[in-house]
Amino acid sequence: MKLIAKYNRVTIPIIISILLISSIGYYFILHRILIYQLDKDLRIEQNEIIQHLKETDQLPETSDYKDQQISFHPTNLVELKDKYSTQDVYNRREDEMESFRRIDFLVTQGGKYFIATVKKSQQETEDIVRLILMVTFFIIAMLLLILFISNRFLLSNLWKPFRNTLEQLNQFNFFSKNKIALQKTDIDEFKELNETVLFMTQKLTLDYQMLKGFTENASHEIQTPLAIIKNKVELLSQSENLTEAQINVLQSLNEAAARLSRLNQSLLLLAKIENHQFAHIDTINFSSMLIRYIDNFDELAQAKGLSISKNIEEEVVLQMNESLAEILISNIISNAIKHNVDKGNIGVELNKKYFRVSNTGPELRTDTAELFGRFKKESSSGDSLGLGLSIVKTITDIYGFSINYDYKKEQHVVEIIFNDLAIE
Amino acid sequence: MKILIIEDEKALSESIADYLSVHEYNCEVAADYRTAIEKIEYNTYDCILLDITLPGGSGLKILEQIKEDNKTDGVLIISAKNSLDDKITGLNLGADDYLSKPFHLSELNARIAAIIRRKNFDGNSMIRFGNLCVDTQRKSVTVENNPVELTKKEYELLLYFVSNKKRLISKDAIAEHLWGNEMGGNFDFIYTHIKNLRKKLMDAGDADYIKSVYGMGYKFTDQ
């Protein structure tokens, strides 16, 4: 949820309820004031009648106007307090109920008691209250609308530096030469954020460089002794008159050293890919690269009696690192050859949507999803390190390609679905 | 043929010198930056093996110096760094080839031979062994003047054997030479290639030089 939405979700109900409660209160107060005003008018009328009686000793004439009616009824009562009340009367002319405010009070005329009643229509009062309320509601609605719109514009403007920082962070890359450039802002919170971001990225870059250095150094340190072992074994193998036992020892040494060096290289490659040391993006013709690799392995496949069927669309051009593309292709193709059966087949399919390689091979014993993990391998033979597919997976992850491994109808199928962004 | 080995690891430079000396190379060793610069200044070598990380300075600097002096020595970078940047920088600076550690001595030897062949292209591009003749320029092979039709990999294999004649070559070295790292450790495929190559050479004129050495690999020899 957006901050503004969250903010609105809290503030708008509060504003609305405050306005509602206050307008209800407002209505009652206003109503009360206007009734009080009406009652005052009625009292003036009452005074006039009493005055009239005093002066003339005659009851004034009853009147029946639309907004004011005066009437007298004889009564047996000798004492009555002035009584104000509201009464709804049916108005025949308008065919509706009409509210009246009335006062009943006792008057005497010629020794007789009468109840005098003065009624005044409340209609106008009600109309005024209604009008005022409508204006109020209109103002509330306008206020809310303006608040909503201005919040939207004002806040999105206020958040601009934040968005800019976010965008810069998204584009942050250890390799790009241009440093992170944050927008200047006079808002303290964002200033603080930018300072932290700058500090963090500088620290990260430093850590990354150290890590890169470490990886390189580790590589150097391990490769050199490995090279010495390998070369000494090779030299020793050149000697004449070796016994069979010695040959066996040398061969084991040779195999172990070879395996160790491949392992070291693969692990370094993984580390380098994960550290984005192959960030350089090239425009590569995946189709021709694939064909070149298949040709390179062609004799190998023939030696095993494998038939390769190709369905390769021309000019599949991808935006990715050239070395990584080569590693991806050669890993998948060599896997399809290595883990095949005699006189088996390999199917290679490439188009702008996917790259699919299927091959015959012995049934899988492990879960297909687990094959992408490190050191997951089907056979315990020395020629498989269990890192090939893991490397492939790491490469596909970098470019947002999805990869699937399936075993169906005695066919192993590796399928890589390209990301639209990488396709040119 | 004079070779300069610029490598600070003594055990490694010794192995290299040992292996190369059999192939009639005269090897000198420089173990640090200063010695290397001095040797290059006063001598000319057919091929210089250059490690990048050296005590006293970077191997790439030495390479720059060689090119600045307009020397025509062949340069083969042997680096443990295995980093793409170094490879590209090295080749851009004018190195002839790049080999990352750890490598097979037979591979190193074949690469040196290729560099020297390229450097002396005005000379003989023919390699003879017994009644076998490899024309490295035309990439063709004859046995007693009978042409032998080889596939690309078979030719590469034969050239590798010829470059490392009379030496034992491990199966692993062959696998890596032909198909790179991905197929390393996988020897099933070598047998077929060797079998085919041997058959073609035999058919052309009884040139049976490929000897299988039990458990170890192969040897290209006329003995």
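Start by selecting Ile416(A): this residue counts as buried because it has 22 C-beta neighbours inside 10 Å, and 20 or more are needed for that label. Keep in mind as you explore that you are looking at a predicted model.

**Stop 1: around Ile416(A)**

Colour strand β12 of chain A, residues 411–417, and you will find Ile416(A) in it. Which residues does Ile416(A) contact, leaving aside its neighbours within four places in sequence? Select Tyr354(A), Phe355(A), Thr396(A), Phe401(A) and Ile403(A) to see them. Now add Lys353(A), which is 63 residues away from Ile416(A) along the chain. Put a distance label between the two C-alpha atoms, and the separation is 8.6 Å.

**Stop 2: two helices that cross**

Stay in chain A and select helix α6 (residues 286–303) together with helix α7 (residues 322–338). Their axes come within 10 Å and cross at roughly 35°. The crossing of α6(A) and α7(A) is right-handed. To look at the contact itself, show side chains on α6(A), including Phe286(A), Met289(A), Tyr293(A) and Phe297(A). On α7(A), pick out residues such as Ala325(A), Ile329(A), Ile333(A) and Ile337(A), which are among the partners there. What classes of residue make up this contact? There are 12 nonpolar, 2 polar and 1 charged.

**Stop 3: the nonpolar cores**

In soluble globular proteins, nonpolar side chains tend to be buried together. Here the largest nonpolar core has 104 residues. Select Ile3(B), Ile6(B), Leu49(B), Leu50(B), Leu76(B) and Leu158(B), the members that touch the most others in this core. Helix α7(A), which you met at the last stop, gives the most to this core, with 9 residues.

Zoom in on Leu158(B) next. Beyond residues up to four places away in sequence, Leu158(B) touches Val134(B), Val141(B), Leu150(B) and Leu197(B). Another core, of 5 residues, lies apart from the largest one; among its members are Leu38(A), Leu42(A), Ala116(A) and Val118(A).

**Stop 4: where the chains meet**

Finally, show both chains together. How many residues of chain B are in contact with chain A? The count is 37, and they meet 38 residues of chain A. On the chain B side, highlight α1 (10–21), α6 (152–163), β12 (168–170), α7 (171–179) and α8 (188–205), the elements that each give two or more residues. The largest share, 5 residues, comes from α1(B). By class, this side of chain B has 14 nonpolar, 14 polar and 9 charged residues.

Conventions
Residues are numbered from 1 along each chain as its sequence is written. Chains are lettered from A and ligands numbered from 1 in the order in which they are written. This is a predicted model: local features need pLDDT of at least 70, side-chain atom pairs count only at pLDDT 80 or more; totals for chains, interfaces and linings use all residues. Axes are lines fitted to C-alpha atoms, for helices over the stretch in contact, and angles run from 0 to 180 degrees between N-to-C directions. Helices (H or I, at least four residues) and strands (E, at least two) are DSSP runs, numbered from the N terminus. A crossing is left-handed if the near helix is turned anticlockwise from the far one by less than a right angle, and right-handed if clockwise. Two residues are in contact if their C-beta atoms, placed from the backbone, lie within 7 Å. Ala, Val, Leu, Ile, Met, Phe, Trp, Tyr, Cys and Pro count as nonpolar, Asp, Glu, Lys and Arg as charged, and the others, Gly among them, as polar. A nonpolar core is a set of buried Ala, Val, Leu, Ile, Met, Phe, Trp, Tyr and Cys residues joined through C-beta atoms within 7 Å. A residue is buried if 20 or more other C-beta atoms lie within 10 Å of its own, exposed if 12 or fewer, and partly exposed in between; C-beta atoms are placed from the backbone.
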